Each structure stands twice: as structure tokens, then as C-alpha cells.
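Open your viewer and get ready to select a few residues at a time. We will go from stop to stop, looking at what is there.

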Amino acid sequence: MSMLKNWVIPGALAVGVVTAISLYTKTAKMEADLTERATAILADKGMDWATVTFDGRDGVLTGVAPEEGVSAWAVELIDIVWGVHAITDEATLLPTHSPFTWGLERDGNKLAMIGYLPYDLSKSVPAEMQTLFDGVVFASSAEASRGAPDGMDKVVALSADLASQLPNAKIMLVDDTLTVTGTLEDGNKDHIELFNAIQSRLAAADLGAIKLDLKIAEPKAPAEDTDKGGSAKAKDGLLISRTEQGVSIFGTVPSEEIKNQLVDQATRKFGQTGVKLELAIQEGVKIAGLGYDEFKKAALTSLQAVSRLDAGIADLSPEGLSLKGGAYYDAAMQKVKDSLTGILPDGFTLSADLSVAAPGEVVDAGVCQTLMRGALADNTILFDSGKSTISEDSFGLLDGLIYTARRCPDSRIQIAGHTDSDGDDATNQQLSERRADAVVAYLSEAGLSQDRLEPKGYGETMPVESNDTAEGKAKNRRIEFVILAQ
């Protein structure tokens, strides 16, 4: 018994341990070998989306397959690898988005790509754009998706070509329609030539079944009408017009002070890059027959009214003030009308041809998120300094976001408040929460169901830029609209 205890049992245990280690080592080497050879086959076929792991000679395929049937093909390729016993397909399928959207937004020295791309293009296009637009700040939020129309590569190539020529443009594909919007300057000979070149380029484009919709107004020829001094005649008044790209302000003002106020308020309402000005200054002269204070009040009120109208136009002239456009909802239209009360002297004609904009086509959550992100890309919801009171300069931006939210009525939206790092953490957290609550209150008052809205304050915890500069801090002070998963 002592011999059994002292020699035989320990010896058997040692042999068992050695055998187990040997088997484990051999199994690990076998699994590594199978993984290496299977991965090489997948890579050779361009299946970088796929991952294969082995437990003994049995493998599991995982990853997000870009098209139907691709994961089954991957399984067949691995299944014939020498030594493989069986392969289980656990790969998921890349989602389909309908409507399928993709676009480029060019704003001077900045270019953004949004929406969705087929899997292969989602890998190659960002790098190609970066190379093509060398020296331009490029950002992409485009994601891989199924559902793209035929000829998507041609759509991308044409859109990139147009964006490289247009200083400001939005080129958007929605299913089978590619819409090109932008602003060209009246009287600018280069822009007139560019418009003609774009028309020729689109006429020659071969996109198959994809339709082209050019929404760039043809720029007017240089003015020939001059006064005795030989300079172009200035408008006796003010013309404020809004497009998708921002606001254009043309005419005459009685002082540098009023010009600067118009520039400052227009920038706050439409963003840094959304303002086009052509203003003459005539000191000490009545403009449109109005005194200094009367003109100032009428000009600034008109600008605020236009900021809340889709395709709004305010024309202030000796004949009176004419305002046209579509408000984004009933209450907004009424508030615009109320704002005009009492701004003009007795006997001065006021004509307000206002309506409520027709509801937009219903879109899915992905498109809704893209539209909201685009609206907030170059503009910010503003508040009184250190407070949660929304500035009236942001009413127009919020009205547009409400209009978009109604296009995806089944989506829940998180209103996310963020601050910069100035002040202590607790104060910033509370401020971000109050500001998110204030935006939810504005949206609810406009008619959005509060059940769809989730206010959330993040304080200073999620900066998008460095807080070491004033510009970075300004970008970190923001409200984001985030579509929540259903």
C-alpha cells in the first residue's frame, strides 16, 4: 500500500498532467493554425468584415455582412479549409435604410459628409475625399448601409466634383433624387460662369435612373444702372431674404452702428457662414422715409421675423414693409405677426403675406437624425449668459428643428445639454440640465408631445473641442438633438 501511495499514484498524476498539457498545447496550436489559414482566405476575398474563431476544429463566423448571402459564402470558404470540422454562421446583416440618404455639405473651408454609403464605398470614399479636398477641413459621419440605388459610385463622383467648385453647397441624395442647392452671388461674373458650367456638367451626367434637381438660382448679371457719380444705385431701403444657406441682406442703412447690429444679429440667427451682406451707408439720410430709430427698429424686427420663416422675404422700402414666407407651425406664424405690431409709424403700409409651411414628407429615424445634425452643424442654440433663458436669436433654429421632428413622428428625441469647462463641475451640470429642460419646454409649447422628448444634462463631461481656446469653449456650449433607439 505504501508503494502505491508513494510511487504509483503520484506517477499517474504526473503523467496525466503532462498529457493534459500536451493535449492543450496541441489544441491551442491547431486552433491558431486553423484561425490563421481561415482568416487568410477571408482576407483574400476582401471579407475584412468577418472574424472566425475556433474551439478545437469547430469554428464560429461573426461580423456584419454587407450583403445577403455573403456570410454563407464565407462559411463555404472556411468549411473547405483542411482540418475544419464544422462552421457556425453567427454573422449579422448590415441594416437597410429607406429612404437611403447621403450628402455633402460644403461651407467655405469645411466639408462634411453625412448619411449612408454602401459598405465598399464607406471604406474608400472618406480617404478619397480627404485627398481630393486637400487643405479643406473634412469630417464624415457617413455609415455603411444597404439600400443604395444603382450607380452610387457615380453619384459620389459627381457630387464631389460639384462640391469642389461651389464655395457653399448642399448636395443631398434621397433614394433616387440628387438635389443640389447653393448660393451664387448676383453680379459676380465668375459665379455666372460657374452656374453655366454646373448646368453643363449636370446635363452631361449619366446617373441612370437617378434624377437631378438643381436648386441654385441663376445669378443676375452685373447691374448697369448707375447714378451721376458712376456708382451702382443703392436700394432706398432694405431687402432681407432667406434661403437654405442662410440670409442675404441688401440695401442701405443710415449708420455703421446699425450695419454692425444687423451683422451681429444675423450671425447669431443663421450661423457664422450663413450671412451674405451688401449694404451701403448713408449717414444722416432718411432711409425708406423712416427716421433713424424707426428704421433701426423696423430693420431688426424684420430680420427676426425672416429668421422664423421658411423662404422668408422682408422688403422695407418707401412704399412700406412687405413680409412673405411660411412659418413652421401655427403659433410661430402668430408670433411673427404680433412682432410687427407697432414697429412702423402711422401711415406706413405693412403687408404680411404669411402662411404655415406644408408638412414635410415623413422620413425614418436615420434621415431625421441627419437633418437635425446638419441644422446644428454651423449654428448653435443660444442662451442668455450663464442662464437657461433661450435667446430669441435661436427661435428660428428651434422652429426648423421642430419642423424636422414632425417628419419622424414615431421617434423619441434626447435633448442633450453640454457646457464648457468654465466654473465648477456641479454648476455646469445643473446649467446643462436647466438648458435642456428649457428647450424641451419650447418644443412642447410648439406642440411636440412631451412623451417624445427626454432632457439630459451632461455638464462639461463630453467636449467636442479643447476648452483651452475661446473657439473650443464656444463649440462645447451646445444643445444636441439625438434620436433614441426604439
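**Stop 1: Salt bridges**

Begin by selecting Glu68 and Arg146, which form a salt bridge with their closest N and O atoms 3.8 Å apart. Glu68 sits in the loop between strand 2 (58–65) and helix 2 (70–79), and Arg146 in the loop between strand 8 (143–144) and helix 4, so this pair ties together parts that are 78 residues apart in sequence. Keep in mind as you look around that this is a predicted model. Try a surface view here: Glu68 is exposed, at 62% relative accessible area, whereas Arg146 counts as buried, at 15%. As general background, side chains of opposite charge can pair when their charged atoms come close.

How many salt bridges does a search of the whole structure find? There are 18, so let us visit some others.

Next, select Asp213 and Lys215, whose side chains meet in a salt bridge at 3.8 Å, N to O. Asp213 is partly exposed, with a relative accessible area of 29%, and Lys215 is also partly exposed, at 49%.

Now move to Lys235 and Asp315, a salt bridge in which the closest N and O atoms are 2.9 Å apart. Lys235 lies in the loop between strand 11 (211–215) and strand 12 (238–243), while Asp315 belongs to strand 15 (residues 309–317), so the pair ties together parts 80 residues apart in sequence. Asp315 counts as partly exposed, at 26% relative accessibility.

**Stop 2: Around Asp393**

Select Arg268, Lys269 and Asp393 together; salt bridges that share partners join them into one network. Center the view on Asp393, in the loop between helix 9 and helix 10. Is Asp393 buried or exposed? It is buried, with a relative accessible area of 7%. Its side chain makes a polar contact of 2.5 Å with the side chain of Lys269. Leaving out residues up to four places away in sequence, Asp393 touches Gln265, Arg268, Lys269 and Gln304.

**Stop 3: The disulfide**

Show the cysteines as sticks: a search of the whole structure finds one disulfide. Cys368 and Cys408 form it, with their sulfur atoms 2.0 Å apart. The torsion about the S-S bond is about -45°, so the disulfide is left-handed. Cys368 lies in helix 9 (residues 365–375) and Cys408 in the loop between helix 10 (395–405) and strand 18 (413–418), so the link ties together parts that are 40 residues apart in sequence. Both Cys368 and Cys408 are buried.

**Stop 4: Nonpolar cores**

Which members of the largest nonpolar core touch the most other members? Of its 63 residues, they are Leu238, Ile381, Val439, Leu443 and Phe481. Color helix 7 (residues 292–307) as well, since it supplies the largest share of this core, seven residues. Then zoom in on Val439: apart from neighbours within four places in sequence, it is in contact with Ile381, Phe383, Ile390, Leu398, Ile415, Ile479 and Phe481. Another core lies apart from this one, with 34 residues, including Leu111, Met152, Val155 and Ile210.

**Stop 5: Helix 4**

Finish by selecting helix 4, residues 152–165. Its 14 residues reach 20 Å from the first C-alpha to the last, close to the 20 Å expected at 1.5 Å a residue. Now pick out the buried residues of helix 4: Met152, Val155, Val156, Leu158, Ser159, Ala160, Leu162 and Ala163. Two of these names, Met152 and Val155, are among the members of the 34-residue core from the previous stop.

Notes
Residues are numbered from 1 along each chain as its sequence is written. This is a predicted model: local features need pLDDT of at least 70, side-chain atom pairs count only at pLDDT 80 or more; totals for chains, interfaces and linings use all residues. Side-chain values use heavy atoms; hydrogens and water are left out. Helices (H or I, at least four residues) and strands (E, at least two) are DSSP runs, numbered from the N terminus. The expected span of a helix is 1.5 Å times one less than its number of residues. Buried means under 20% relative accessible area, exposed over 50%, partly exposed in between (1.4 Å probe, protein chains only). A salt bridge is a side-chain nitrogen of Lys or Arg within 4 Å of a carboxyl oxygen of Asp or Glu. A disulfide is a pair of cysteine sulfur atoms within 2.5 Å. A polar contact is a pair of N or O atoms within 3.5 Å; within protein, one must be able to donate a hydrogen and the other to accept it, and residues adjacent in sequence count only if both atoms are side-chain atoms. Contact means heavy atoms within 4.5 Å. A nonpolar core is a set of buried Ala, Val, Leu, Ile, Met, Phe, Trp, Tyr and Cys residues joined through side-chain atoms within 4.5 Å.
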